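Visitor: Could you teach me how to read a model like this one? I would like to take it feature by feature.

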Amino acid sequence: MKRIFNLYTFFLLLLVVVALVRPYAFFYGLQRGSLYSLIALPLALILGIVGLLNLAHGDFLTLGLYIGYILFNQFKFDPILSMIFIAPILFVIGLAVYKSTIEKVLKSHHLNLLLITFGVSITLVELINSLWTSRPRNVYVTYATKSISLFGISIGAYEFLYVAASIAVLLVIMLVLKKTRFGQAAFAVGQNPRGAAIVGINVKLVYTITFSLATAMMAVSASLMMPRVSIFPNLGGPFTMKSFCLTAMAGLGNLPGILLSGITLGIAEAIVQSIPGYSGWSDLVFFGVLILVIAFRANRGAER
Amino acid sequence: MKTLSIIAVLALAIILPFIADIYLIHVVSTIMIFMCLALSWDMMLRTGQLSFGTAGFFGLGAYAAIIAVDDFNVNPVMSIFVGAVFAALTSFGLGIAVLKLREMYFAITTLALTSVFTVLARNLSDLTGGAAGKILFNAIFDGDPKKTYWLILSFTIVVIVLSEIFERTRVKYAISSIRNDELVAKSSGINIFKYLLIVFVITSAIQGAAGAIYAQQYAFVEPDSTFSANFLLLPIAMALVGGIYSTIGPIVGALVLGFTSEYLKLLMPYGHLIIYGIIIVLTVIFLRKGVYGTIMEKIRSK
């Protein structure tokens, strides 16, 4: 407990220092980091409860973005409101993918699990590629481009929705896990699937619902980021990596930690981006941290 | 019988440039490059570690070879060794940290390494030419497809022999016991880390050499196409289709998928890679031993 407290103090201190020295990087990083953790939360849920690293995670996000783009383009649907339609569609797609592929190999060797989500990821990307070609698509809405001035710098106002949404989604997940019967069952399955089965929990059903719900949750991040990104088939891949990076950094089962590490890495990325001539190096922040954290954890595990 | 058929295949492979047209020579050369990648991926998989770093070390070798020729005037054939040695040294350094990881942590870290290499290649502009890449004045052997073919063929034979050495010597027992139960392997006195490191370095060197040859053949490197996910995806699909944990599996898989994909490219120019995704999913679900392994099992049981 004391270590966690120290970590939080260190984190807060770091934030204050960055906010004072580079306010733009601070706000921009806060927004990006919140978006990263918003995307990472479903991955962490699937990893924690089903024990499956879903390499197709980011591609479900891409799929959600394309569905939203079609709704906007054909029916003039507002991107944020289209969440209500994207979520059920993604739920059904997630359910179909889970039932038809992943469930069949869930009990076999862990290599098969990784390979199958890898295969699903490629299939999704190439399906999107052949349906909509690789031409980037954009969604324009006027309210997404407004900016406000804070402490003398101009910063996008719309992106503060990411911060609000990531906190809201985190709270909802925590409440569902703690308060509802399904949440408690899912928590128990995540802790010990065999024990959960013995006390009468339908483990198979919990896995199915968790995977489908987590996939449906991608609708939130998809509809929120839609007006601010170019949509193209390979968009999801880096988000899968970044999501896993945050989950590994926070540690399994530590959902608030994902938001915290997301904001930390978002700000670190923004700082590197703000150094002139080095903006291309910002991609290295996540991968560098991922490799360091995993290697550090593994070494500590080996000593124990 | 077996030796006879091996000699027949080998003889056919050697005289192929005299009887085939340039298009076929080119297709077979490309297939052999992917065959080497598939074999190297499978050799790592035999230890129970799933590596997604194939494309990364492939690109690393390609860059090392092109830079060696362009900046240090190394002979193009020698530059293939430069690519292999560079990939081997890098994998040795990284392996010390990365090989303590298991399962998905190893897989995702190797995937992240590929991204790191890509970012480095794009941003170290003075050395790598940045996003535009580097173009050589001349391809290897002045672009003679027959000589290039024989070079790739001899490299492929080396890789096949290496894979067979792994299959037949006591390295195999060490590797398969690590894959089956690491605790048992450890208590039988096997130095797990040493064997993992040996396999990781050798397979990375193969991938680096393959990348070097491929880059010299086309005389250019460029971040997106050199580190392309194809060099990860196709070898995995090939090894899975042929059957993993064997030498013959990836060879058969590479031949089958390699020729099929040539026709698929003509049929569907956009998104023909979807077939590979579906193949991976289907083989993992239904044919655990791969197409070749399943067919051979059916034949034997009759």
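Guide: Here is a short tour that goes from the core to the chain contact, the helices and a few single residues.

Guide: This is a predicted model, in which local features need pLDDT of at least 70, side-chain atom pairs count only at pLDDT 80 or more, and totals for chains, interfaces and linings use all residues. Residues are numbered from 1 along each chain as its sequence is written, while chains are lettered from A and ligands numbered from 1 in the order in which they are written.

Visitor: Good. How many residues does the largest nonpolar core have?

Guide: First the terms. A residue is buried if 20 or more other C-beta atoms lie within 10 Å of its own, exposed if 12 or fewer, and partly exposed in between, with C-beta atoms placed from the backbone. A nonpolar core is a set of buried Ala, Val, Leu, Ile, Met, Phe, Trp, Tyr and Cys residues joined through C-beta atoms within 7 Å. Here the largest such core has 194 residues, and those with the most contacts inside it include A:Ala219, B:Cys36 and B:Ile280. Helix α2 of chain A (residues 23-49) gives the largest share of this core, 17 residues. Helices (H or I, at least four residues) and strands (E, at least two) are DSSP runs, numbered from the N terminus.

Visitor: Which residues is B:Ile280 in contact with?

Guide: Two residues are in contact if their C-beta atoms, placed from the backbone, lie within 7 Å. Setting aside neighbours within four places in sequence, B:Ile280 is in contact with A:Leu115, A:Phe118, A:Gly119 and A:Ile122 in chain A, and with B:Ile236, B:Ala237 and B:Leu240 in chain B.

Visitor: And how many residues of each chain are in contact with the other?

Guide: The contact joins 30 residues of chain B to 34 residues of chain A. On the chain B side, α4 (76-98), α5 (103-123) and α14 (274-286) each supply at least two residues, and α5(B) gives the most, 13 residues. By class, that side has 22 nonpolar, 5 polar and 3 charged residues. Ala, Val, Leu, Ile, Met, Phe, Trp, Tyr, Cys and Pro count as nonpolar, Asp, Glu, Lys and Arg as charged, and the others, Gly among them, as polar.

Visitor: What describes two packed helices?

Guide: Two packed helices are described by the angle between their axes and the distance between the axes. Axes are lines fitted to C-alpha atoms, for helices over the stretch in contact, and angles run from 0 to 180 degrees between N-to-C directions. Take α2(A) and α9(A): they pack at about 175°, with their axes 9 Å apart. The pair is therefore roughly antiparallel, the word for angles over 145 degrees (under 35 is roughly parallel, 65 to 115 roughly perpendicular, the rest oblique). Among the residues making the contact are A:Leu35 and A:Pro42 of α2(A), and A:Phe211 and A:Met218 of α9(A). This contact has 13 nonpolar, 3 polar and no charged residues.

Visitor: How many residues of α9(A) are buried?

Guide: In α9(A), 18 of its 23 residues are buried, so the helix is mostly covered. As for length, the expected span is 1.5 Å times one less than the number of residues. For α9(A) (residues 203-225) that gives 33 Å, and the end C-alpha atoms are 34 Å apart, which agrees.

Visitor: Is B:Pro235 buried or exposed?

Guide: B:Pro235 counts as buried because 29 C-beta neighbours lie inside 10 Å. B:Pro235 sits in helix α12 (residues 230-242) of chain B and, leaving aside neighbours within four places in sequence, is in contact with B:Phe34, B:Leu37, B:Ala38, B:Trp41 and B:Thr54. For another case, A:Ile155 belongs to strand β2 (residues 153-156) of chain A and is partly exposed, with 18 other C-beta atoms within 10 Å.

Visitor: Which backbone angles should I look at?

Guide: Try phi: most residues other than glycine have a negative value. B:Ala219 has a positive phi, near 60°, and lies in the loop between α10 and β2 (220-221) of chain B. B:Tyr245 also has a positive phi, near 65°, and lies in the loop between α12 and α13 (248-267) of chain B. B:Tyr245 is partly exposed, with 19 other C-beta atoms within 10 Å.
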